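Please look over the model below before reading the points. They deal with how the parts touch each other.

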2 protein chains.
Amino acid sequence: MPTPHYGQPRYRIIANELRERIESGVFPPGSLLPAESALTTEFRASRGTIRQAIAALRQEGLVTTEHGRGTCVTAGTRDRRNESDAREREVLADPDLAGLFGVEVGTALIEREAVMRRSGRVETVVRAYRLRPTAP
Amino acid sequence: MPTPHYGQPRYRIIANELRERIESGVFPPGSLLPAESALTTEFRASRGTIRQAIAALRQEGLVTTEHGRGTCVTAGTRDRRNESDAREREVLADPDLAGLFGVEVGTALIEREAVMRRSGRVETVVRAYRLRPTAP
DNA sequence: AGAAATTTGTCCGTATGTATC
DNA sequence: AGATACATACGGACAAATTTC
């Protein structure tokens with residue numbers, strides 16, 4: 001059964017369902033979610049789709065995942081500062097960047113950040129800087 | 001954003017960027033490239049496009065990819081770390097990096113910076129952060 | 001201490017539908 | 001019409017970390 005994504009994609013529907021269970025206490029904070037393999041049979045979706053759903057919850061900070069262990073419901077920590085795997089934001093050029101780009105210190109730049117994890121631990125953070133597109 | 005392939009197709013642009021990072025030492029020989037999923041989010045491209053880009057690098061012999069493990073930078077690639085456009089230095093963790101690495105603000109990190117030029121102009125500056133190797 | 005089972009991480013190949021150049 | 005690229009989804013296989021026996 002290939003890919004009829006009428007309206008909402010499946011992974012989002014599944015993510016919503018799991019979020020509901022977490023917020024309603026079916027999966028309490030600190031507990032482990034069912035394994036991906038269990039979720040595939042329950043939702044009759046492929047593992048990739050399940051993982052996409054879980055990735056969405058992880059991006060919201062609702063759960064954390066550990067290699068070889070499972071996906072754990074985050075203990076009610078509010079104030080979710082960005083923990084996503086990649087994001088983009090605007091920053092001001094430090095002297096080094098300003099010199100490289102040939103602009104004044106404090107000029108707005110676009111920073112793209114990517115986080116690489118290795119067995120749960122953050123291994124490398126990459127930040128790529130670009131000039132903001134200008135209107136000529 | 002659909003398909004504005006100004007001049008070059010997107011997968012080639014991405015391949016060029018990754019090649020730059022490899023040759024500049026941001027991704028040193030022996031290290032693993034970020035996963036396809038991470039690259040899709042960083043470059044905001046689909047998996048197919050990312051795979052095309054990596055396939056190009058593989059064909060050049062720059063990387064080898066192992067099923068179930070990842071894509072690894074070939075050992076034979078020259079490391080230009082100490083040449084013109086890339087350098088390594090020690091910096092102190094800002095709050096964002098400290099949060100990601102799980103260390104205190106001000107902890108020393110290794111920063112590797114690479115500058116990518118496009119017909120003379122500085123186009124992108126990439127900074128890769130790693131924890132300093134600990135002596136236990 | 002060591003082997004097996006479990007579970008997540010990653011890659012491979014393929015497929016459908018949509019949209020833009 | 002064709003090439004490029006997007007998003008979504010499937011199923012399979014191997015790798016690696018953790019837990020269990």
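The notes below take the DNA first and the two protein chains second.

1. This is a predicted model, in which local features need pLDDT of at least 70, side-chain atom pairs count only at pLDDT 80 or more, and totals for chains, interfaces and linings use all residues. Residues are numbered from 1 along each chain as its sequence is written.

2. There are 25 residues around DNA strand C, and Arg47(A), Arg47(B), Arg51(B), His67(B) and Gly68(B) come nearest; a residue counts as near if one of its heavy atoms lies within 4 Å of the strand. Of the strand's atoms within 4 Å of the protein, 66% belong to sugar and phosphate.

3. Bases are reached as well: a base oxygen of DNA strand C lies 3.0 Å from a side-chain N or O atom of His67(A), and a base oxygen lies 2.8 Å from such an atom of His67(B). On the backbone of Glu36(A), a polar atom is 2.9 Å from a phosphate oxygen of the strand.

4. Chain A and chain B bury about 2400 Å² between them, where buried area is the accessible area (1.4 Å probe) that two parts lose on being put together, summed over both. In chain A, Leu100(A), Arg112(A) and Arg127(A) lose the most area to chain B, together 22% of what that side buries.

5. Six salt bridges cross the interface of chain A and chain B (a side-chain nitrogen of Lys or Arg within 4 Å of a carboxyl oxygen of Asp or Glu). One of them joins Asp96(B) and Arg127(A), at 2.9 Å from N to O.

How values were computed: Chains are lettered from A and ligands numbered from 1 in the order in which they are written. Side-chain values use heavy atoms; hydrogens and water are left out. A polar contact is a pair of N or O atoms within 3.5 Å; within protein, one must be able to donate a hydrogen and the other to accept it, and residues adjacent in sequence count only if both atoms are side-chain atoms.
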